[in-house]
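Here is a walk through one protein model, written for someone meeting it for the first time. Have a look at the sequence and the 3D view, then read on.

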Amino acid sequence: MDDTFCYDVKAQNPRPRCIFFANRVLKLWLFFFVIFICLLLVSSNGEETTNANKLIKIGAIIDIHSSTGREEKTALDIAVQSFNSNESNNHKLSLHIQDSGRNPLLAATVARKLIKEQEVEVIIGLETWEEAVVVGNIGSRAQVPVISFAAPAITPPLATSRWPFLVRMANEDSKQLKCIAAIIGLFNWKRVIVIYEDDAFGSESGKLALLPEALQDVGSEELKKLQKKQSRVFVVLHSSFSMTIHLFEAAKKSGLVGHDSAWIVTETISSYLDSFNSSVISSMEGTLGIKTYYSEDTSLYKKFYPNFRTTFRNEYHEEDNSQPGINALRAYDSIGIITQAMEKLKSDGKSPKNLLKRILSSNFTGASGEVCFEEGQLSYDPILRIVNVVGKRYKELDFWLPGIGLSRNPGVKNETGYAGEISQDLGGRVYWPGDSKLVPKGWAMPTDEKPLIIGVPARTSFEKFVKVVDGKLPGVKNYDGFCIKLFYEVLKVLGYHLPYRFDPHNGTYDELANKVYNKTYDAAVGDITILADRVDHVEFTQPYAESGLSMIVPAKSEDSAWIFVKPFTIEMWLATAAILFYTMFIVWVLEHQSNPEFRGPWNHQLGTALWFAFSSLFFAHREKVYSNLTRMVVVVWLFVVLVLNSSYTASLTSMLTVKRLGPDVTDVELLKRANLKIGCDGDSFVRTYLEKVLNFKSYNIENVSSEYKYEGEFKSHRIAAASLELPYGKVFLSHYCKQFTTSTPTYRFGGLGF
């Protein structure tokens, strides 16, 4: 039998055994091939996973169409390209840029897209605090760190708890406000108008608002309201790009940007300067702005700047400026923050919380300056630079150093802070609105077409202070009196022309002050008393006369037959008599033994001694003395007599020359107890003061309209006293000094002022 073939005896069709062997070998080879392919796939997948772990995805949300956004994009591209080209780095960066147009809602939409679709590990950018708030909320929920280039004016309470994954790579605006306050104080501007765009996030900004949220919708209606205000110093704290353009163009047309006005803007507005066209810049000419200062002398900046300038010019030919702003430098440094944080994650393990922790622990000097965080934001106080809009560009003026103030140079930082030379003015010429060389006064100057309207009290009790009478022509008034003459003297020393027009006010002084408050009058000139309730509504000049209530009462004569004893008091008379008898006794002791004139009976001796002492008062003694001791006593006694005689003569002469008058009523309480009436000027505050403060009954207070009527009121016994302000009381007594007298003013006020 042939061994080549084998048959299965049970089968109908016998098959060769070699076929079964070949099938087994084929199946074995297929099994090993499948295993090889699986291993290859697993290996390939592991390599891809390793490469994926080395790729860091970064999201950026910026305003691509603005100059600032373009600068940030250029800086980010340079930083990413520089990092990826370094072969020593064991991971690569993948940058995903989204445009927000500085719209918080759009920023929130693209943030969710970056997190869900691109699976970014960090988000950077966000040029406004409004964007940072909404994206910070999204990042905190998704546990994705968000590095913002904006910070609020004042850090909100519990900011790190509300937005735990939000890192503010900026400083709060309170530092800028201190710089603005220093500028306002430097030029001695007393009042400013604060402007900012109110929006849904205004409460987070911590800034004061003057213009409401509908400013753009209503055109320049709000600016017309500003025209009615006297102040011409405007501080713009916060405004969007489009709103800033509208604001300054409308202000220019309304005449609010010109001579005697000053505009100051924060860095939020200053960052737009490179993006504005020439027409907008011309409407902002003379504006002072604030910018964060950065040093151009660091090695990192010198390495970054040429690359930035070349790239920016090649990509954006239409841009005139190729100088990086502070946001561009922070964008460049933010890539360094992320890469350094990733390097440190090797030991800690990769997780969102560890990444955030490493970002917050950054501490290095970047192109923008120091990069160090505390409580979720930059920990160092920035140096600020004051800029001045001139022509199509702006020029840099002085610096502002934290803790120092204005300075000519950026100073040097030491352990305690900054050290620098304090500046008393802004270096270089400042170009003010209207190309004026003079520092604006800060308030709207009146013109001949629109003069100051000054209210003058027309119903005055004492014409020596203010007198308003009809002129020769119909409708013309003549103004005279001490207050009016004082106003004329003030005009002479102002140094500039001040157009004005007097307007007589026929009403009370409180009504006159209210007319200044409600802008019926621009000012008021007259004998106006400075009171606390008036100061709450209007502003006064320095007082030109003291003020206080004095009580005028009829005088009674104090003359009597015993006036000759009044020059000395009882004590003085007793002391004089004692010295007289003492001198008499000493002279008698020393002279009665040797001097025959002092001898004889006792009554003769005592009479002679008494006569000697008494006659010496008039230097009329004739008795001779023999003892030298007696002569010494007499010399001392004669000197005392000389002093006593001179004092007595002077006092008695004064009493006989000046008539002594005493008040008939001594105090206010006596008037109230006796239910006596008191007179006062009904248009002044005195009547109200007597009723509400001194508790006089209203029916016991008589209104006296003129100084010449007081005498008749006293003679008719309609009033027992008159309550006049101190200046009026002096004028009244100068006319009636023999009939009336006054009490010392007990109730003092702020004086008389304009």
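## A pocket between two domains

Let's start with the second largest pocket of this predicted model. Where does the second largest pocket lie with respect to domain 1 and domain 2? Domain 1 (54-171 + 298-378) and domain 2 (173-293 + 381-419) both give residues to its lining, so the pocket lies between them. About 900 Å³ of space lies inside this pocket. Eight elements come up when you ask who gives two or more residues to the lining: the helices α2 (67-84), α4 (129-142), α6 (174-186), α10 (267-270) and α13 (326-348), plus the strands β9 (288-292), β13 (384-390) and β14 (393-401). Of these, β14 has the largest share, with four residues.

In total, 48 residues line the pocket. If you want to find its centre in the viewer, go to E267, S271, T292, I326 and N327, which lie nearest to it. As for the chemistry of the wall, the classes come out as 15 nonpolar, 16 polar and 17 charged residues.

## A cavity shared by the two domains

Now for the enclosed spaces. Searching the whole structure turns up three cavities of 30 Å³ or more. The second largest of them holds about 40 Å³ of space. Its lining is made up of D63, S66, T68, R102, F241, S271, Y272 and S275. You have already met S271, as one of the residues nearest the centre of the second largest pocket.

Sorted by class, this cavity has two nonpolar, four polar and two charged residues in its lining. Domain 1 (54-171 + 298-378) and domain 2 (173-293 + 381-419) each supply at least three of the lining residues.

## The chain as a whole

Time to zoom out. The protein chain has 754 residues, and 45% of them are buried. Along the chain there are 24 helices and 31 strands. Take the contacts in the chain with a separation of 6 or more: 67% of them involve residues 24 or more positions apart.

What about the outside? The chain exposes about 40200 Å², and carbon and sulfur atoms supply 56% of that area.

## Two helices to look at

Helix α24 (residues 726-735) is mostly covered, with seven of its 10 residues buried. The buried ones are L726, P727, Y728, G729, V731, F732 and L733.

Next, turn to helix α18 (residues 570-591), where you will find F585. Why does F585 count as partly exposed? Its relative accessible area is 47%, and the partly exposed class runs between under 20% for buried and over 50% for exposed. F585 and A613 are 28 residues apart along the chain, and their C-alpha atoms are separated by 9.3 Å.

## Loops on either side of α22

Helix α22 (686-692) makes a handy landmark, with loops before and after it. In the loop between β26 (678-680) and α22 sits D683. Is D683 buried or exposed? D683 is buried, because its relative accessible area is 15%, under the 20% cut-off. Setting aside residues up to four places away in sequence, D683 touches R459, G507, T508 and Y509.

The loop between α22 (686-692) and β27 (701-703) holds N695. Its phi is near 60°, which is a positive value in a residue other than glycine. N700 is in the loop between α22 and β27 too. N700 is buried, with a relative accessible area of 6%. Which residues does N700 contact, leaving aside neighbours within four places in sequence? They are N675, L676, K677 and I678. N700 and G679 are 21 residues apart along the chain, and 8.5 Å separates their C-alpha atoms.

## A positive phi at E119

One last stop: the loop between α3 (104-116) and β3 (122-125), which is where E119 is placed. The phi of E119 is near 55°, a positive value in a residue other than glycine. E119 counts as exposed because its relative accessibility is 54%, over the 50% mark.

Notes:
Residues are numbered from 1 along each chain as its sequence is written. This is a predicted model: local features need pLDDT of at least 70, side-chain atom pairs count only at pLDDT 80 or more; totals for chains, interfaces and linings use all residues. Side-chain values use heavy atoms; hydrogens and water are left out. On a 1 Å grid over the protein atoms alone, a cavity is a set of points where a 1.4 Å probe fits but cannot get out, and a pocket is an open set with protein on both sides within 12 Å along at least five of seven lines; lining residues have an atom within 4 Å of a point. Grid points are joined across faces, edges and corners, and a volume is the space filled by probe spheres set on the points. Ala, Val, Leu, Ile, Met, Phe, Trp, Tyr, Cys and Pro count as nonpolar, Asp, Glu, Lys and Arg as charged, and the others, Gly among them, as polar. Domain bounds come from an automatic or database domain assignment. Buried means under 20% relative accessible area, exposed over 50%, partly exposed in between (1.4 Å probe, protein chains only). Contact means heavy atoms within 4.5 Å. Accessible areas come from the Shrake-Rupley method with a 1.4 Å probe; for residues, only the protein chains shown count as cover.
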